[in-house]
Amino acid sequence: MFYREAGDFKTTYSDDSQTFPLQLDRMGYYAVLAVAFLVVPFVIDDYWATSVMVPFLIYAIATLGLNILTGYAGQVSLGTGGFMAVGAYATYKLTTSFPDISILIHIVLAGFITALVGMLFGLPSLRIKGFYLAVATLAAQFFLVWLFNKVPWFYNYSASGQITMPERTVLGQLVTGPSVSAPAKYLVCLVFAVALAWLARNLTRGMLGRQWMAIRDMDIAAEIIGVNPLKAKLTAFGVSSFLIGIAGALFFAVYLGAAEVGEAFGINKSFLVLFMVIIGGLGSIFGSFAGAAFLVLLPVFLKNVLVGGMGWPTDLAAHVELMIVGALIVFFLIVEPHGLAQLWRLTKEKLRLWPFPH
Amino acid sequence: MTLRFASLAAAAVLMAAGPAMADLVVPHLSYRTGPYAPNGTQYADGFNDYFTLLNERDGGIGGQKILTPECETAYNTEKGVECYEATKGDAALIYNPMSTGITYQLIPKAGADQKVLYTPGYGRTSAKNGKVFEWVFNAPANYWDGASVAVKHMLEQEGGDVNGKKIALVYHNSAYGKEPIRTLQELGEKHGFELMEVPVDPPGQEQKSQWLQIRREKPDYVILYGWGVMNQAAIQEAANIRFPMDHMIGIWWSGSEVDVQPAGAGADGYKSLTFNGVGTDYPFYDDLKTHVIDAGKASQGGQYVGSAVYSRGVYAALIIGEAIRTAQELAGSPEIDAAQLRDGFEALNITEERMAELGLPDFGQPIQLSCENHGGAGMARLQQWDADEQKWSLITDFMEPDAEVLAPLIEEDSAAYAQEAGITPRCG
């Protein structure tokens with residue numbers, strides 16, 4: 001009744017091709033942005049920032065990155081953890097070498113460095129496909145982790161091999177280090193998440209995105225109609241790694257503050273982000289956020305309910321939590337193989353017809 | 001979706017609202033799941049049981065009950081940080097996260113939030129320097145002490161000369177395992193032994209290639225810095241290649257019953273460092289039995305009472321308890337805050353008589369801390385596994401580490417941290 005196209009007239013092409021053609025959608029989007037930027041920073045506390053919002057936003061960026069590669073361009077990658085590590089170590093090396101340059105610039109530069117590394121490891125994708133490519137990117141994962149463990153230059157020869165983020169400010173406000181305030185931490189991640197989601201959205205509906213999707217749907221056909229597979233695949237690796245690199249940089253600099261490559265960026269991270277992509281929905285921007293939200297918030301939520309609310313022993317709760325999350329993943333994949341994004345799409349379809357579906 | 005989860009989680013957090021302010025809160029970051037659970041569980045039980053005993057027998061410390069709300073970290077840094085943020089409310093006094101990785105995360109955070117961080121036998125070694133690390137304590141011993149005492153023991157075995165010997169360090173490839181490398185390199189230069197570094201990627205169930213390397217290069221000694229399943233795998237592999245077990249020395253975290261039992265008779269003679277006694281032959285355990293185990297209040301039913309890692313959990317809780325008591329005396333009131341607890345730690349003096357009073361004579365070394373020294377004397381002793389008897393026996397007395405080598409290293413590393421974090425050394 002309320003959610004419909006009727007009466008929403010478009011008089012220009014640009015109006016017609018905007019991201020949210022429905023007025024209600026548009027208002028919803030601006031409302032979410034307004035709440036995220038104008039309300040949340042004033043009410044957020046340390047726990048919510050550190051344990052919920054910051055990891056959610058960072059994982060959302062990483063998921064967006066992998067979604068571009070896997071969801072839009074159809075190239076399976078298990079190297080996400082390794083690429084996040086590149087972003088983290090690049091930020092660390094840059095900010096300890098050039099402490100006077102803004103950390104935001106370093107984070108973006110770290111994204112570009114990761115993009116280069118990602119394109120390098122993306123080269124085999126021109127020859128190998130599918131599961132074989134997954135194995136090749138797996139090699140990237142292990143190689144990068146090994147590299148950051150093995151070469152002391154990357155961690156400035158610290159005795160423990162850990163990298164620790166020094167304090168850095170943006171506009172006079174601390175954004176990294178132990179004393180950073182909850183809103184600052186949250187806002188930095190939010191700005192990056194919104195900007196990168198906007199970038200991803202507009203890339204994927206432009207020519208580049210169409211090339212990616214053509215390659216994904218059938219690479220030979222795409223080549224015949226004039227899509228250059230070298231360019232399409234390498235740009236997909238590059239853009240994807242750029243986003244993942246920024247996620248890794250934020251993960252280290254803003255979220256953890258200290259990291260150890262094997263633990264923070266191990267193979268588990270690659271799988272976690274891949275699961276977020278699959279659960280959220282392949283080839284969907286909204287799905288990236290939904291998938292990240294699902295896998296970041298649900299464990300924290302369950303833990304708080306089971307241990308905090310119901311007073312269960314912590315080990316039992318931890319095991320039950322694993323079982324519930326696992327069962328829900330299976331349930332979602334059976335009920336809706338196209339992820340949460342498809343559920344959301346179906347809900348919207350139904351809403352358009354509501355309350356008279358016939 | 002997000003919103004709904006968020007609001008539900010908010011409700012859940014509110015339901016779990018903090019304990020009454022009057023109690024002493026010692027948030028307990030434990031791990032009973034994951035690859036480190038076999039050891040983590042025992043430690044957590046010991047830690048809980050000691051405070052349960054104080055609450056049951058003495059009504060707490062100075063009349064204040066001690067609460068140890070548990071939070072599961074699974075030895076994972078992200079979960080550890082989540083636990084820290086969830087529990088760091090005003091009442092929390094001290095953290096003992098039992099993981100070097102989490103400790104590295106918490107050192108700057110604890111300083112900013114003014115919470116005491118107590119990392120007995122693990123964490124950042126240079127935190128011993130209280131001039132730089134105001135809020136961190138790592139008494140009674142640290143990783144470098146351990147490495148030094150292990151080398152001392154080798155010197156004793158070899159009649160004072162390890163020149164030209166080859167020593168392999170099999171280590172957990174993480175901040176924890178890398179800690180002793182610098183020290184062993186320095187000690188190698190001093191004593192003329194050759195150090196061979198053999199990293200094992202965590203969690204470390206698979207170590208075939210590492211032990212093949214050891215078999216090929218035939219080191220005279222193996223020092224093991226492992227944790228969780230890595231210990232079991234390493235000791236099993238060592239037994240498989242018939243490495244002489246009395247030439248294999250584990251750090252204290254590689255010396256619990258669960259580590260050696262899977263290798264059966266093959267593990268006989270394996271040595272490990274320790275800084276606490278093992279077994280239940282102490283008067284303390286009579287009280288524990290009466291007030292905690294028989295009363296059905298033991299953590300997980302008391303199935304690990306007296307094991308090596310359980311005893312270490314008890315010891316950690318004991319030192320925290322003594323620091324709280326000292327802090328209460330200094331503050332002149334039973335209610336203390338984290339800053340007063342830090343003062344309590346800096347004035348901590350646990351003598352042998354005090355240990356006997358607590359029912360644990362000869363269980364640990366005397367500990368005296370100060371503003372400068374947050375790490376104590378750093379002594380350790382060796383225990384050896386007897387596979388027939390299925391028990392550890394102490395084979396040496398407490399040995400002092402080589403301060404001549406360690407002190408400059410600690411000075412150097414803490415100075416580097418002070419510079420990195422912009423800390424001005426304190427203590428006058």
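**View 1. The two domains of chain B, with 28 Å between their centres.** In this predicted model, the centres of domain 1 and domain 2 of chain B, taken over C-alpha atoms, are separated by 28 Å. Domain 1 of chain B is assembled from three stretches, 3-141, 278-377 and 409-421, while domain 2 covers 143-274. To the contact between them, domain 1 of chain B gives 16 residues and domain 2 of chain B gives 21 residues. If you would like to find the domain 1 side of chain B, look for α2 (37-58), α4 (100-113) and α11 (308-331) of chain B, the elements that each give two or more residues to the side touching domain 2.

**View 2. An open, mixed sheet of seven strands in chain B.** Following the sheet across, you meet the strands in the order β9-β8-β10-β11-β12-β15-β16 of chain B. At the edges stand β9 (194-200) and β16 (391-394) of chain B, each of which pairs on one side only. On average, neighbouring strands of this sheet are turned by 25° against each other, with direction ignored.

**View 3. A parallel pair, β11 and β12 of chain B.** Here we zoom in on β11 (residues 248-250) and β12 (residues 271-274) of chain B, which pair in the parallel sense over two bridges. A handy landmark is Gly250(B), which stands opposite Ser272(B) in β12(B). As a reminder, strands of a sheet pair through backbone hydrogen bonds, either parallel or antiparallel.

**View 4. Helix α7 of chain A and its surroundings.** Helix α7 (residues 182-204) of chain A has 23 residues. From its first C-alpha to its last, α7 of chain A reaches 33 Å, close to the 33 Å expected at 1.5 Å a residue. The buried residues of α7(A) include Lys185(A), Tyr186(A), Cys189(A), Phe192(A), Ala193(A) and Leu196(A). Among the elements that cover the buried residues of α7(A) are α2 (23-43), α3 (46-72), α8 (207-217), α10 (229-256) and α13 (285-309) of chain A.

**View 5. The largest nonpolar core and Ile61(A).** This core has 244 residues, and those with the most contacts inside it are Ile58(A), Ile61(A), Leu243(A), Ile246(A) and Leu250(A). Its largest share, 17 residues, comes from α10(A). The core also draws at least three residues from each of domain 1 and domain 2 of chain B. For a closer look, start at Ile61(A): leaving aside residues up to four places away in sequence, Ile61(A) touches Phe192(A), Ala193(A), Leu196(A), Leu243(A), Ile246(A) and Ala247(A).

Conventions:
Residues are numbered from 1 along each chain as its sequence is written. Chains are lettered from A and ligands numbered from 1 in the order in which they are written. This is a predicted model: local features need pLDDT of at least 70, side-chain atom pairs count only at pLDDT 80 or more; totals for chains, interfaces and linings use all residues. Two strands pair if DSSP finds at least two bridges between them. Helices (H or I, at least four residues) and strands (E, at least two) are DSSP runs, numbered from the N terminus. Axes are lines fitted to C-alpha atoms, for helices over the stretch in contact, and angles run from 0 to 180 degrees between N-to-C directions. The expected span of a helix is 1.5 Å times one less than its number of residues. A residue is buried if 20 or more other C-beta atoms lie within 10 Å of its own, exposed if 12 or fewer, and partly exposed in between; C-beta atoms are placed from the backbone. Two residues are in contact if their C-beta atoms, placed from the backbone, lie within 7 Å. A nonpolar core is a set of buried Ala, Val, Leu, Ile, Met, Phe, Trp, Tyr and Cys residues joined through C-beta atoms within 7 Å. Domain bounds come from an automatic or database domain assignment.
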